[in-house]
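The exercises below are meant for a reader who is meeting this structure for the first time. Please work through each task with the sequence and the model at hand before turning to its solution.

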Amino acid sequence: MRIGVDIGGTKIRAGLVDQAVVRDVITEPCPAGMGKEEILSVILGMVSKLINDEVDMIGFGVPAIVDKEGVVYECVNIPSWDRVDLKGRMESEFGIPVVVNNDCNCFVRGVAKSSYGAGSRDIVGITLGTGVGAGLYLNEELYSGQNSCAGEIGCMSYKDKDYESYCSSQFFANLGTTAVDEAFKARSGDENSLLLWKEFGENVGNLINMVTLAYDPQVIVLGGGISSAFDLFEPSMRGCMARFPYTQVASKIKIFSDPSGDFMLIGAVM
């Protein structure tokens, strides 16, 4: 049995993972604006609640560059985590092996293990949440690059800024609202909110078209908190994808959403 931990800019999620089944999940707000030790204290408390004699490893997914020694650098949306020896600290505290990787790498690895990815050689997992990132599973192997930051597609230029500004919670924040509020209003029939989700879906469609040109995957899975509103932005997203220059390519891609977050935890312990 293992413990998987997903550290995000908004929340931290931890759970026991047994044979690719997630249970006993704990979720806490991430005090992203606080110092290193305060955030580590939250994580230590969460792991302490889950750990037992059967747990033989802890896996962390972090929105950051991670080196081979498990040191986290420049954690996205957590300013104080410019450098944190997460592996060393956690192994010292709990006395069992710890692995750390980029959260999107963990996500796509979990997808590859699931029925969504079964039989697929090339998978891209895109997370839409506080930011935007992607994990790459190419030729049946996780591809993370030299610094585990391959797939940082949110930083690529789009319109007047980048994809992260238009395909994450920043899109809503820039308009003085939140994805949660707009999802509630849209499902209540608010026309302005429905139009907002239509625009968001077009942005995500452009993001997927760019990913398709770059990687030509068989499967794309959307995760992160905003994927829970997939039903609201899927129609305009697919409408944008219909304009992809190579229709035979786009028509073969399988696209799913994973609002549960379980793939991230499963991948973290793999």
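**Exercise 1.** Is I43 buried or exposed? Keep in mind that the model is a predicted one, and describe the surroundings of this residue as well.

*Solution.* Begin by placing the residue: I43 belongs to helix α1, which covers residues 36-50. Next, take its relative accessible area, which is 0%. Since the limit for a buried residue is under 20%, I43 counts as buried because its value of 0% falls below that limit. Then look for what surrounds the side chain: leaving out residues up to four places away in sequence, I43 touches I7, I12, F60, W81 and M90. Finally, as an exercise in distance, compare sequence with space for I43 and R109, which are 66 residues apart along the chain and 22 Å apart from C-alpha to C-alpha.

**Exercise 2.** Work out how strand β2 is joined to β1 and to β3, and say how much of β2 is buried.

*Solution.* Start with the pairing of β1 and β2, which run antiparallel and are joined by 6 bridges; one bridge links R2 with V17 of β2. These two strands form a hairpin, with 3 residues between them. Now turn to β3 (residues 21-29), which runs antiparallel to β2 and is joined to it by 7 bridges, and where I26 stands opposite A14. β2 and β3 also form a hairpin, here with 2 residues between them, and Q19 in the turn has a positive phi of about 55°. As a last step, count the covered positions: 6 of the 8 residues of β2 are buried, so that the strand is mostly covered by the definition of under 20% relative accessible area.

**Exercise 3.** Describe the open sheet that contains β9, giving the order of its strands and the helix that packs on it.

*Solution.* First write down the order, which is β11-β10-β9-β14-β15, an open sheet of 5 strands with mixed pairing. The edges are formed by β11 (141-143) and β15 (254-257), each of which pairs on one side only, and the twist from one strand to the next averages 20°. Within this sheet, β9 and β10 pair in the antiparallel sense over 6 bridges, and T127 has G133 in β10 as its bridge partner. Helix α8 (residues 230-241) packs on the sheet and touches β9, β14 (219-223) and β15, while its direction makes about 160° with that of β15.

**Exercise 4.** How much space lies in the largest pocket, and which element gives the most residues to its lining?

*Solution.* The largest pocket holds about 850 Å³ of space. It is lined by 45 residues, of which L128, G129, T130, G224 and G225 are the closest to its centre. Several elements give two or more residues to this lining, among them β1, β2, β9 and β10, but α6 gives the most, with 4 residues. Sorted by class, the lining has 18 nonpolar, 19 polar and 8 charged residues.

**Exercise 5.** Which residues does S193 contact, beyond its neighbours within four places in sequence?

*Solution.* Locate S193 in helix α7, which spans residues 191-215. With those neighbours set aside, S193 is in contact with E182, K185 and A186. To finish, note that S193 is buried, with a relative accessible area of 1%.

Note on methods:
Residues are numbered from 1 along each chain as its sequence is written. This is a predicted model: local features need pLDDT of at least 70, side-chain atom pairs count only at pLDDT 80 or more; totals for chains, interfaces and linings use all residues. Side-chain values use heavy atoms; hydrogens and water are left out. On a 1 Å grid over the protein atoms alone, a cavity is a set of points where a 1.4 Å probe fits but cannot get out, and a pocket is an open set with protein on both sides within 12 Å along at least five of seven lines; lining residues have an atom within 4 Å of a point. Grid points are joined across faces, edges and corners, and a volume is the space filled by probe spheres set on the points. Ala, Val, Leu, Ile, Met, Phe, Trp, Tyr, Cys and Pro count as nonpolar, Asp, Glu, Lys and Arg as charged, and the others, Gly among them, as polar. Buried means under 20% relative accessible area, exposed over 50%, partly exposed in between (1.4 Å probe, protein chains only). Contact means heavy atoms within 4.5 Å. Two strands pair if DSSP finds at least two bridges between them. Axes are lines fitted to C-alpha atoms, for helices over the stretch in contact, and angles run from 0 to 180 degrees between N-to-C directions.
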